[in-house]
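Let's take a walk through this fold together, moving from its loops to its helices. Have the sequence and the coordinates open as you read.

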Amino acid sequence: MVVGCQHHYQYPPILQEADSLCVAQPDSAISLLKSISAEMQQAPEYVQKRYHLLTIKANDKAYITHTSDSLILSLVDYYEHGGDPAFLGEAYYYAGSTYRDLGDAPRALEYYQKALDAMPGNENLKVKSKVYAQMGDLFRYQYLYDEALKSYSASYRCDSILQDTIGLIYNLREA
């Protein structure tokens with residue numbers, strides 16, 4: 001019965017391409033996502049939700065300030081209640097980033113913690129590293145230096161496992 005209830009999500013390759021562009025070339029990812037917005041309206045719901053999450057991700061990577069929480073909260077709700085569980089942690093992360101931009105540090109920290117809880121063990125270490133780093137920044141801005149150091153150290157551990165030298169450099173700079 002469990003096998004019959006499982007859903008196999010297959011995303012269009014163009015969304016994978018946009019996801020890859022988000023990190024190195026977020027402006028290109030934004031352009032690509034805008035170019036497919038019309039066809040995404042006809043896509044299945046799970047594809048539309050992934051598209052919207054990638055749009056938020058690309059904007060975040062391009063340092064475009066989040067001005068509203070309505071879209072990310074609808075995505076969080078979707079992923080909490082039956083969407084592709086692989087993206088729940090990422091949805092929480094971008095909810096935290098949205099509240100960071102809106103100046104609501106307690107709520108941002110709440111969503112960042114939910115992101116960590118949604119990614120147990122060594123799952124999604126790249127996202128976990130970013131979560132810990134963002135938490136460290138928020139703690140530092142509030143003069144909670146011990147908590148900031150703990151968060152930066154956790155981010156450092158994730159980047160060490162990933163052998164991400166650039167992430168390690170940023171972590172050392174912040175700590």
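Does Tyr143 count as buried or exposed? Keep in mind as you look that the model is predicted. At 62% relative accessibility, Tyr143 counts as exposed, because the cut-off for that class is over 50%. You will find Tyr143 in the loop between helix 9 and helix 10, the latter made of residues 145-162. Its backbone deserves a glance too: the phi of Tyr143 is near 65°, a positive value in a residue other than glycine.

Another tyrosine to look at is Tyr63, in the loop between helix 5 and helix 6. Tyr63 is not a glycine, yet it has a positive phi of about 60°. Its relative accessible area is 76%, so Tyr63 is exposed. Tyr63 follows helix 5, and that loop also holds Ile64. With 40% relative accessibility, Ile64 counts as partly exposed. Setting aside neighbours within four places in sequence, Ile64 is in contact with Ile30, Asn59 and Asp101. The contact with Asp101 joins parts of the chain that are 37 residues apart, and the C-alpha atoms of Ile64 and Asp101 are separated by 9.5 Å.

Now step back into helix 5 itself, which runs over residues 45-61. How does its length compare with what is expected at 1.5 Å a residue? The 17 residues should span 24 Å, and the end C-alpha atoms are 24 Å apart, so the two agree. Many side chains can be followed into the interior here: Tyr46, Val47, Lys49, Arg50, Tyr51, Leu53, Leu54, Ile56, Lys57, Ala58 and Asp60 are buried. What covers these buried residues of helix 5 includes helix 2 (13-24), helix 3 (26-35), helix 4 (37-40), helix 6 (70-80) and helix 7 (88-101).

Two of those covering elements, helix 2 and helix 3, also pack on one another. Their axes come within 6 Å and cross at roughly 155°. That angle makes helix 2 roughly antiparallel to helix 3, because angles over 145 degrees fall in that class. The crossing of helix 2 and helix 3 is left-handed. On the helix 2 side, the contact is formed by Ile14, Leu15, Glu17, Ala18, Leu21, Cys22, Val23 and Ala24. Facing them from helix 3 are Pro26, Ser28, Ala29, Leu32 and Leu33. By class, the residues of this contact between helix 2 and helix 3 divide into 11 nonpolar, one polar and one charged.

From here, move on to helix 7. Helix 7 has 14 residues and reaches 20 Å from its first C-alpha to its last, close to the 20 Å expected at 1.5 Å a residue. How many of its residues are buried? In helix 7, 12 of the 14 are, so this helix is largely enclosed by the rest of the structure. Among them are Leu88, Gly89, Ala91, Tyr92, Ala95 and Tyr99. The cover over the buried residues of helix 7 includes helix 5, helix 6, helix 8 and helix 9. After helix 7 comes Gly103, whose phi is positive, near 80°.

Within helix 7, pause at Glu90. Its relative accessible area is 9%, so Glu90 is buried. Not counting residues up to four places away in sequence, Glu90 touches Arg50, Leu53 and Lys57. Those three partners are listed among the buried residues of helix 5.

Helix 7 also meets helix 9. The axes of helix 7 and helix 9 come within 11 Å and cross at roughly 25°. That makes helix 7 roughly parallel to helix 9, because the crossing angle is under 35 degrees. Their crossing is left-handed. Here Tyr93, Tyr94 and Arg100 in helix 7 meet Val127, Lys130, Val131, Gln134 and Leu138 in helix 9. This contact of helix 7 with helix 9 has five nonpolar, one polar and two charged residues.

One last stop is Asn124, in the loop between helix 8 (105-118) and helix 9 (125-141). With 37% relative accessibility, Asn124 counts as partly exposed. The C-alpha atoms of Asn124 and Gly89 are separated by 8.4 Å, although these residues are 35 apart along the chain.

Methods
Residues numbered from 1 in each chain as written. Predicted model: local features only at pLDDT ≥ 70, side-chain atom pairs only at ≥ 80, totals over all residues. Heavy atoms only, no water. Helix = DSSP H or I, 4+ residues; strand = E, 2+ residues; numbered from the N terminus. Expected span 1.5 Å × (residues − 1). Buried < 20%, exposed > 50% of the residue type's maximum accessible area, 1.4 Å probe, protein only. Contact = heavy atoms within 4.5 Å. Axes fitted to C-alpha atoms, helices over the stretch in contact; angles between N-to-C directions. Parallel < 35°, antiparallel > 145°, perpendicular 65-115°, else oblique. Left-handed = near helix turned anticlockwise from the far one by under 90°. Nonpolar A, V, L, I, M, F, W, Y, C, P; charged D, E, K, R; others polar.
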